[in-house]
There are 2 protein chains.
Amino acid sequence: MPEQSPLDLAEGDPFGPHNLPYGVFTTADEPDRRRLGVRIGSHVLDAGAAAYALGSPYAALLAQPSLNPLLAAGRTAWRDVRRALTAWVTVPAHRPDIEQLLHPIGSVTLHLPYEVADYVDFYASEHHATNVGRIFRPDGDALTPNWKHLPIGYHGRAGTVVVSGTDVVRPSGQRKAPADAAPVFGPSVKLDIEAEVGFLVGTPSELGTPVAMGDFREHVFGLSLLNDWSARDIQAWEYVPLGPFLGKSFATSVSPWVTPLEALDAARTSPPARDFDLLPYLDDSAEEEPGGLDLRITVAINGHVIAEPPFATMYWTAAQQLAHMTVNGASLRTGDLFGSGTVSGPEVHQRGSLLELTWNGRDALELPEGKRTFLEDGDVVTMTAWAPGPDGVRVGLGEVTGRIVPSAA
Amino acid sequence: MPEQSPLDLAEGDPFGPHNLPYGVFTTADEPDRRRLGVRIGSHVLDAGAAAYALGSPYAALLAQPSLNPLLAAGRTAWRDVRRALTAWVTVPAHRPDIEQLLHPIGSVTLHLPYEVADYVDFYASEHHATNVGRIFRPDGDALTPNWKHLPIGYHGRAGTVVVSGTDVVRPSGQRKAPADAAPVFGPSVKLDIEAEVGFLVGTPSELGTPVAMGDFREHVFGLSLLNDWSARDIQAWEYVPLGPFLGKSFATSVSPWVTPLEALDAARTSPPARDFDLLPYLDDSAEEEPGGLDLRITVAINGHVIAEPPFATMYWTAAQQLAHMTVNGASLRTGDLFGSGTVSGPEVHQRGSLLELTWNGRDALELPEGKRTFLEDGDVVTMTAWAPGPDGVRVGLGEVTGRIVPSAA
């Protein structure tokens, strides 16, 4: 029996030819040569080398140390490159060329695959915002009056977006319990996660010119899982009146694999019904394709599943977020990344943060290694997800994982 | 009588050899070749060409289209390059070489001189924060409980930082008066300025490692005037609970000239007395050099001075802001820019925003061309500043200016 080819995938492999997410890798032999890779099954295809081997007109775009040139090339290039890649991994005649350019994922190092320009984080789950409002502002309405009129967002720190697998140092900062007279300084005692989906902008836009919802696919290349690590005690003390700052800026982890939007066509779904008509630039009731995405996320601490947040329940869609973010004329750059905001569904088990899952520490989670309210040093948080793909096959999203290491202070 | 050299400056010229700010310029002949320039009087010295002509070891660092390589080179290089530049423009033997590399400022185009990495904006004037608190939260305390414990800050949009002279398109967005049932959409009717000073980071820092106040000069290269344009109506409706977003992200203008910190040694001054001891990482009572800067800012609309904000009154210093911004382990990158926050002094005429000067539109300013509460289309806002320099000579800061053009919507 001949040795099996890495291209002979098990039926229903979520990283089959219907998926083909992009990443950037190095090999042990050449640790300084970053290369664009495409995941197929449990291997990485050296995309630039494949393009040269097969005489692709996109070879120069793919033989790059970063995804940014492809991101900047625009939607036609994205489509053509994807079509070519699909052929390379499926047409039998290409096998001899392709097989020798495949690296087992376990043998390579994966890097942050793009240079982040601006990072924006939204707050788009009604269930999450309601839970947070009840916890942080128990005396007021859970949702602020603006919440259902616009997708609330804020800028985060682009320079501390890190690739999955990067250790997260427990941040230190100021915190103050309501009863305390003055703040104290020290390592955060309420270190948390936020299960999110990050959308990656490819095509830039002009300063002064808004991007309409209908142009979403012209500008957004793809998405990945994102963990917006949050220090709740630091955040609670600092965030009035100008929003989260140090409670968030120490690290944001993203998956090394960027899934192209085109791989997720079968996952399109309608967002929840709106309570009232939205202003025209956000009104998606007449959009050609539904703006929601049926992504099923799983969050685990040290391998034990603690939540299964359903992305389909998000109130605001990514297209609405893009339209809102630019309606004031703000320009987009290649590499802009925007997070969906924490994904939480209506059920307790669907909440995408420990803040909500433990109700700010009141209700500890029971894990085999002990109780958890917030994260302890050594904890490893891993998020995975899948979406319905063509013909009932799942589309896997690359995992995002990170381990908490003790504060240096 | 021989023709006067551009290097023979009038006595007390605020852009004399004691100043030497950096910028990036192009000439009409070569509009695509960006070059590093140094301002001397009313001329720009082609710094790279001068370095090559005089055989400087820093020629490669200066013959660049951006300030970023010099920023990344670190404090020793900054000091050495400044020493060399001072010699080039003052030692008579260099005149023949230098004079032919000078361009009248009016003949060149000035560009954004660095690539902005992350942009952070602070809120460090007690007078400003008190005024804003009284206007926006009339029923609460003017200062939030955290204000005197930490320098409040938030991330802004790095991609919309523009160089002085760039037109500012009036942003559109949602606004809602308290009495209205629902928000309306349209061009902002409360377009405002914020007179600020922006600090530019050169030397990066490691993720997970805070930067202490005492290391401020190792990391921060220099400063410039900054106008953080603000749409107050958009901001008021959107900013609870996650802070300003579209009310700020449409444009932030900076001067084309970056003044090195070393030119401002004589302007060092002590910040206001603190109400109580600060936490150790912010306690600057024992710092070797005072953390404040005596910068005198002037704000004009269409040439008419409307305010003279004194930077020396800022409660929080730039060194404290840097220490706070990194105390959670957030890393710095070359090109990080942080704004001081609006500079407002105790007097009405010292307020750095129209929001404060007109008390949110209640008290119109009288200008020759009519009353102003907020900015009208066609208005040109110009900020200038100077600081005490060595031997009683002023150090000029490069102006930042911008014209409001009508909304495209």
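**Close-up views of a two-chain predicted model**

**Figure 1. Strand β24 of chain B, centred on B:K371.** B:K371 is found in strand β24 of chain B, which covers residues 370–372. The model shown here and in every other view is predicted. The relative accessible area of B:K371 is 56%. That places B:K371 in the exposed class, because the class begins over 50%. Neighbours within four places in sequence are left aside in this view. Beyond them, B:K371 touches B:A364, B:L365, B:E366 and B:E376.

**Figure 2. The loop between β1 and β2 of chain B, centred on B:D29.** Strand β1 of chain B spans 22–27 and strand β2 spans 35–40. B:D29 sits in the loop that joins them. Is B:D29 buried or exposed? B:D29 counts as exposed, at 73% relative accessibility. The view also takes in B:V108. In sequence, B:D29 and B:V108 are 79 residues apart. In space, their C-alpha atoms are 9.6 Å apart.

**Figure 3. Helix α4 of chain A, centred on A:R75.** Helix α4 of chain A runs over residues 75–90, and A:R75 belongs to it. A:R75 has a relative accessible area of 26%. This value is not under 20% and not over 50%, so A:R75 is classed as partly exposed. Which residues does A:R75 contact, leaving aside neighbours within four places in sequence? They are A:T203, A:R217 and A:E218. A:R296 serves as a second reference point. A:R75 and A:R296 are 221 residues apart along the chain. Their C-alpha atoms are separated by 26 Å.

**Figure 4. A cis peptide bond before A:P241 and before B:P241.** In chain A, the peptide bond from A:V240 to A:P241 is cis. Its omega is near 5 degrees. A:P241 lies in a loop of chain A, between helix α8 (232–238) and strand β16 (252–254). In chain B, the bond from B:V240 to B:P241 is cis, with omega near 10 degrees. B:P241 is placed in the loop between α8 (232–238) and β16 (252–254) of chain B.

**Figure 5. Positive phi at A:L20.** A:L20 is not a glycine, yet its phi is positive, at about 55 degrees. The residue lies in the segment before strand β1 (22–27) of chain A. Is A:L20 buried or exposed? A:L20 counts as buried, because its relative accessibility of 1% is under 20%.

**Figure 6. Positive phi at A:D391.** A:D391 is a residue other than glycine with a positive phi, near 55 degrees. Its loop in chain A connects strand β25 (380–388) with strand β26 (394–405). A:D391 is exposed. Its relative accessible area is 81%.

**Figure 7. The contact between chain A and chain B.** How many residues does each chain bring to the contact? Chain A gives 56 residues and chain B gives 56 residues. The area buried between the two chains is about 5100 Å². Carbon and sulfur atoms give 64% of that area. A:R157, A:L242 and A:F245 supply 16% of the area that chain A buries against chain B. No other three residues supply more.

**Figure 8. Chain A as the setting for the close-ups.** Chain A holds 10 helices and 26 strands. Its radius of gyration is 21 Å, close to the 22 Å that the globule rule gives for 409 residues, so chain A is as compact as a globular protein of that length. The C-alpha trace spans about 70 × 50 × 35 Å along its principal axes. Of the 409 residues, 61% count as buried. Among contacts in chain A with a separation of 6 or more, 74% link residues 24 or more positions apart. Chain A exposes about 14800 Å², and carbon and sulfur atoms supply 51% of this area. Chain A carries 30 positive and 50 negative charges. The mean positions of the two sets are 4 Å apart.

Notes. Residues are numbered from 1 along each chain as its sequence is written. Chains are lettered from A and ligands numbered from 1 in the order in which they are written. This is a predicted model: local features need pLDDT of at least 70, side-chain atom pairs count only at pLDDT 80 or more; totals for chains, interfaces and linings use all residues. Side-chain values use heavy atoms; hydrogens and water are left out. Helices (H or I, at least four residues) and strands (E, at least two) are DSSP runs, numbered from the N terminus. The radius of gyration is taken over C-alpha atoms; the globule rule is 2.2 Å times the number of residues to the power 0.38. Buried means under 20% relative accessible area, exposed over 50%, partly exposed in between (1.4 Å probe, protein chains only). Contact means heavy atoms within 4.5 Å. Accessible areas come from the Shrake-Rupley method with a 1.4 Å probe; for residues, only the protein chains shown count as cover. Lys and Arg count as positive and Asp and Glu as negative; His and the chain ends are not counted. The place of a charge is taken as NZ of Lys, CZ of Arg, CG of Asp or CD of Glu. Buried area is the accessible area (1.4 Å probe) that two parts lose on being put together, summed over both.
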